[in-house]
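Thank you all for coming; I would like to walk through one model this morning, beginning with its sheets and ending with its pockets. Please have the sequence and the structure open while I talk.

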Amino acid sequence: MTYTNPTAEALRLLELQRELDQHNAIETYFPATGPFRRELYAKHLEFFESGATYRERAFIAANRVGKTLAGAFEMTLHLTGNYPAWWQGRRFAAPVVAWASGDSSKTTREIIQLALFGRFHEPGTGMIPREKIVRTTTKTGIADCLETIYVQHVSGGISEVGLKSYDQQREAFQGTNRHVIWLDEEPPADIYVECLLRTMVVNGQVLITATPLQGMTEVIRSFIQPAEGDQSKFFVQATWDDVPHLDAAAKTALLASIPPYQREARSKGVPQLGSGAIYQLSEADIVVRDFEIPDFWPRAYGLDVGWNKTAAIWGARDNETGVITLFSEHYMGLQQPSLHADAIKARGEWIPGVIDPASQGGSQVDGDALLNLYRRQGLKLQPAINAVEAGLYTVWQLMSSGKLKVFASLGNWLQEFRLYARDKDGKVIKANDHLMDATRYLVMSGLSLMQTKPASEREFDPIQGLHHISPDIRWMA
């Protein structure tokens with residue numbers, strides 16, 4: 001009989017587990033539970049899921065939110081074919097041929113290679129599990145720099161990912177078809193076009209993960225403000241507030257180390273708009289913590305309708321101060337009016353709304369007027385005044401005077417606010433502005449229609465024996 005020392009065996013198992021963890025890092029990301037569970041990384045999941053629909057995607061994000069991690073994670077899934085059960089993005093059933101590229105050979109080695117492969121002499125310490133790495137080739141003339149990584153695919157075949165850099169110029173991106181191309185940081189426009197051509201025949205994917213330090217460049221603009229009718233692109237924007245791994249102290253320290261002119265880009269993923277920004281205000285001037293809206297504050301909403309995106313914004317007014325607070329948003333595309341109406345009524349069927357006056361024309365559904373269609377769904381709607389410049393000025397006046405605030409939780413509204421701009425000719429850029437339009441309708445036409453919650457719908461106060469109504473008029477009940 002062989003004697004086994006329990007302590008030695010326990011240490012051996014712990015060392016084995018440490019070895020497995022170190023060389024199978026992908027299993028530790030986006031878990032179901034814990035302080036960094038995947039539900040807290042909503043922007044990352046949105047980026048992943050959009051791959052099922054879009055060939056061109058961009059994760060335009062602040063520094064330190066994990067955008068490169070997101071690119072390496074998805075690339076590894078495609079290379080191995082080992083998709084987790086929760087994955088709702090694009091899946092490849094067979095081995096893929098891919099590229100991953102950074103802006104220089106040095107950054108490709110120190111960021112992308114490290115994220116995928118790990119340390120040069122310790123394969124598997126990156127996202128790709130060590131047992132899946134079949135072999136590698138190295139570049140000549142650049143120390144410890146890989147050229148290609150060959151990866152075992154679950155189907156039995158071999159995937160490959162070539163590591164490139166933008167300083168190799170456009171010609172280096174010519175060649176055969178690619179299923180997946182991951183571009184970490186923004187590429188030059190000619191290289192991006194070349195990458196699109198490489199993925200067209202095989203219905204491949206192009207992924208960009210970038211912090212927009214170069215401002216509203218041609219490539220970034222093509223995602224944020226696409227040409228009219230262009231439905232081929234999708235982007236997600238993420239700020240420091242969208243991830244759980246950065247606490248208040250970390251964000252304060254990071255912000256202090258960033259030059260003022262780069263803070264919007266590095267902390268919010270916002271391209272510098274310069275004089276083109278419509279509302280040239282700091283978010284700190286208008287954003288407030290969410291709070292419970294009192295029943296006696298009158299409310300209304302603005303509604304902007306469209307097939308690709310229908311958006312609504314709800315506002316409530318504090319009659320004592322005159323401050324209007326935007327407290328809820330609806331943001332959904334590719335759905336029938338009945339579904340939008342149900343979501344809007346869920347905020348309170350009694351709340352009146354104002355709608356894009358263009359809705360009085362024909363809809364794409366059956367030629368009926370959308371205004372009447374939504375009214376038949378039970379919405380209390382009136383057509384709004386659509387005086388664009390007057391509306392923009394009125395909204396700006398309210399914001400700059402402290403009379404218009406917005407809940408911090410309204411992520412879609414804030415994303416549009418950050419990118420709302422004019423073009424070089426001074427015209428408002430009509431892209432990703434649905435909630436901005438809805439806000440304009442609300443301010444121009446909805447404030448006079450605001451109503452308070454009916455007494456029958458207010459919570460009963462067992463102490464006072466009264467419904468929650470204004471303290472100033474409770475004595476009359």
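Let me begin with strand 1 and strand 7, which pair in the parallel sense over 5 bridges, where two strands pair if DSSP finds at least two bridges between them, and where helices (H or I, at least four residues) and strands (E, at least two) are DSSP runs, numbered from the N terminus. Before I go further, this is a predicted model, in which local features need pLDDT of at least 70 and side-chain atom pairs count only at pLDDT 80 or more, while totals for chains, interfaces and linings use all residues. Residues are numbered from 1 along each chain as its sequence is written, and side-chain values use heavy atoms, with hydrogens and water left out.

Within that pairing, Glu56 has Val206 of strand 7 as its bridge partner. Strand 6 is also joined to strand 7 by 5 bridges, again running parallel, and there Leu183 stands opposite Ile208. How many of the residues of strand 7 are buried? The count is 6 of 6, with buried meaning under 20% relative accessible area, exposed over 50%, and partly exposed in between (1.4 Å probe, protein chains only). In a regular strand the side chains alternate between the two faces of the sheet. Here, Gln205, Leu207 and Thr209 are buried on one side of strand 7, and Val206, Ile208 and Ala210 are buried on the other.

Stepping back to the whole sheet, 8 strands form an open arrangement of mixed pairing in the order 3-4-5-2-6-7-1-8. Strand 3 (133–138) and strand 8 stand at the edges with a single partner strand each, so one side of each has no neighbour in the sheet. Direction ignored, neighbouring strands of this sheet are turned by 15 degrees against each other on average. At the strand 3 edge, 5 bridges make an antiparallel pairing with strand 4 (residues 146–152), and Arg135 stands opposite Tyr150. Helix 5 (residues 189–200) lies across strands 1, 2, 6 and 7, at about 150 degrees to strand 7; axes are lines fitted to C-alpha atoms, for helices over the stretch in contact (heavy atoms within 4.5 Å), and angles run from 0 to 180 degrees between N-to-C directions.

A further open sheet, also mixed, has 7 strands in the order 9-15-12-11-10-13-14, and its edge strands, 9 and 14, each pair on one side only. Strand 10 (residues 299–304) and strand 11 (residues 310–317) are antiparallel over 6 bridges, with Ala300 opposite Gly315.

Finally, the pockets. A pocket is an open set of points on a 1 Å grid over the protein atoms alone, where a 1.4 Å probe fits, with protein on both sides within 12 Å along at least five of seven lines, and lining residues have an atom within 4 Å of a point. The largest pocket has a volume of about 1,400 Å³, a volume being the space filled by probe spheres set on the points, which are joined across faces, edges and corners. Its lining has 40 residues, and Gln231, Asn308, Lys309, Asn432 and His434 lie nearest the centre. The second largest pocket has a volume of about 1,000 Å³, and of its 36 lining residues Glu264, Lys268, Glu283, Ala284 and Arg418 are the closest to its centre. Helix 12 gives the most to that second lining, with 5 residues.
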